[in-house]
Amino acid sequence: MGRWSGLSTELSDLVTITVITTVALAATVSPVDGLLLAAVAIPFLLFVPGYALIAALFPDRESMYQQHRLVGLERILYAVVASICLAVIVGVNLEFTNWPIRSVPVVSALAAVAYLSTFVALYRRKASGSEPSNSAVQFNTGSNSETQSDDGGVQLGSIVVAVAIMVALVSVTFVAAQPQRGETYSEFGLLTENNGTLQADGYPEEMALGESSDLYFTVTNREQQHTNYVVVVQLTRTAPTGDATERARLDTYSETISPGNTWQKRHTVTPVLEGERLRLTYLLYRDGIPDQPTVDNAYRETHIWIDVT
């Protein structure tokens, strides 16, 4: 009974860490926001993952006088330093993934670290089989043991601080060495050919019904990732207010473009509507198109006005 009571005491901090992690994770993925979310997430970010990691590295809380002994303020300080290091590492790695640096990905990654570290700490504590004793919760008054504990604490403190500084410096240097991402966007334009040269003017103003003309559109990928583009070509009749009253889809084109590359497409336009001031519209989409492509739901749009006789 005494051994079970002692084991429960030894595991109380790990149970608390697990509960706090679960609450923080649930609050982050829930609709909760504002001050309530900050009150739960910030203490978790600044303490819990680091404490779980320290517990995994140094599982015995109240024994090991002759080795590195972490109690009270020491463990709290090391937990805060370790949590900051873990947050930096997670932030650096998320920068190079498809997940943005937002609350849900950051808290989820740190929660995974906390759960794993807590499991390791639990395993190591049960494997060690150490039982807390009355003398273990008191500071040893012998000069020898006190000196060893002080020396061990100083050495361990220096190691933890040095590792924290090194991790921060390496992370900042690694991020600074990467190309700056900047704003992501796509360039979209319409060109004509004049004496073998492509130019952004000289567009046709009149076309005959059923007669074909050649034009070019270009798409330049500045999204900093491989992107699947779809271009829809429409001929639209509009009301005096500018609203579309009739649409005819002329063609659809798709292409996957790598970052920094340009897709240039020569195509044939054959009007199927007759009238004045018809709008020849090019709609650009990423990763598929809606059932009814319009100017309002397009990612990018460009157009010219033509008379079809």
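**A walk through the strands and helices**

Let's start at Asn195, which you'll find in the loop between β1 (185-194) and β2 (197-199). Keep in mind as you look around that this is a predicted model. Is Asn195 buried or exposed? It counts as exposed, with a relative accessibility of 79%. Its backbone is worth a look too: phi of Asn195 is near 55 degrees, a positive value in a residue other than glycine.

Now look at the two strands that this loop connects. β1 and β2 pair in the antiparallel sense, over three bridges. One of the residue pairs here is Asn194 with Thr197, its bridge partner in β2. Zoom out a little, and you'll see that β1 and β2 belong to an open sheet of four strands. Its order is β2-β1-β4-β7, and the pairing is antiparallel. β2 and β7 (262-269) are the edge strands, each pairing on one side only. Going from one strand to the next, the twist averages 35 degrees.

There's another open sheet to explore, this one made of five strands. Follow it in the order β3-β9-β8-β5-β6, and note that its pairing is mixed. Which strands stand at the edges? They are β3 (206-207) and β6 (244-257), and each has a single partner strand, so one side of each is left without a neighbour in the sheet.

Let's stop at β8, which covers residues 275-286. This strand is mostly covered, with nine of its twelve residues buried. Look to its two partners next. Strand β5 (residues 227-238) pairs with β8 in the antiparallel sense over eight bridges. Strand β9 (residues 300-308) is also joined to β8 by eight bridges, and these two run antiparallel. Tyr282 is a handy landmark here: Val233 stands opposite Tyr282 in β8, and Tyr282 in turn stands opposite Thr302 in β9. You can also find Leu235, whose bridge partner in β8 is Leu280.

Two more residues of β8 deserve a visit. Arg277 lies in this strand, and it has a positive phi of about 50 degrees although it is not a glycine. Leu278 lies in β8 as well. How much of Leu278 is accessible? Its relative accessible area is 0%, and because buried means under 20%, Leu278 counts as buried. To see what surrounds it, skip its neighbours within four places in sequence: Leu278 is then in contact with Leu235, Thr236, Arg237, Leu273, Ile304, Trp305, Ile306 and Val308. Take Val308 from that list. It is 30 residues away from Leu278 along the chain, but the C-alpha atoms of the two are separated by 7.4 Å.

Finally, let's leave the strands and turn to a pair of helices. The axes of helix α2 (residues 35-57) and helix α4 (residues 103-128) come within 7 Å and cross at roughly 30 degrees. Angles under 35 degrees count as roughly parallel, and α2 and α4 are therefore roughly parallel to each other. The crossing in which α2 passes α4 is left-handed. Which kinds of residue make up the contact of α2 with α4? By class, it has 16 nonpolar, two polar and two charged residues. From α2, the residues that meet α4 include Phe44, Leu45, Val48 and Leu53. On the α4 side, you'll find Val106, Leu110, Ser117, Thr118, Arg124 and Arg125 among them.

Conventions
Residues numbered from 1 in each chain as written. Predicted model: local features only at pLDDT ≥ 70, side-chain atom pairs only at ≥ 80, totals over all residues. Heavy atoms only, no water. Axes fitted to C-alpha atoms, helices over the stretch in contact; angles between N-to-C directions. Parallel < 35°, antiparallel > 145°, perpendicular 65-115°, else oblique. Left-handed = near helix turned anticlockwise from the far one by under 90°. Contact = heavy atoms within 4.5 Å. Nonpolar A, V, L, I, M, F, W, Y, C, P; charged D, E, K, R; others polar. Buried < 20%, exposed > 50% of the residue type's maximum accessible area, 1.4 Å probe, protein only. Pairing = 2+ DSSP bridges.
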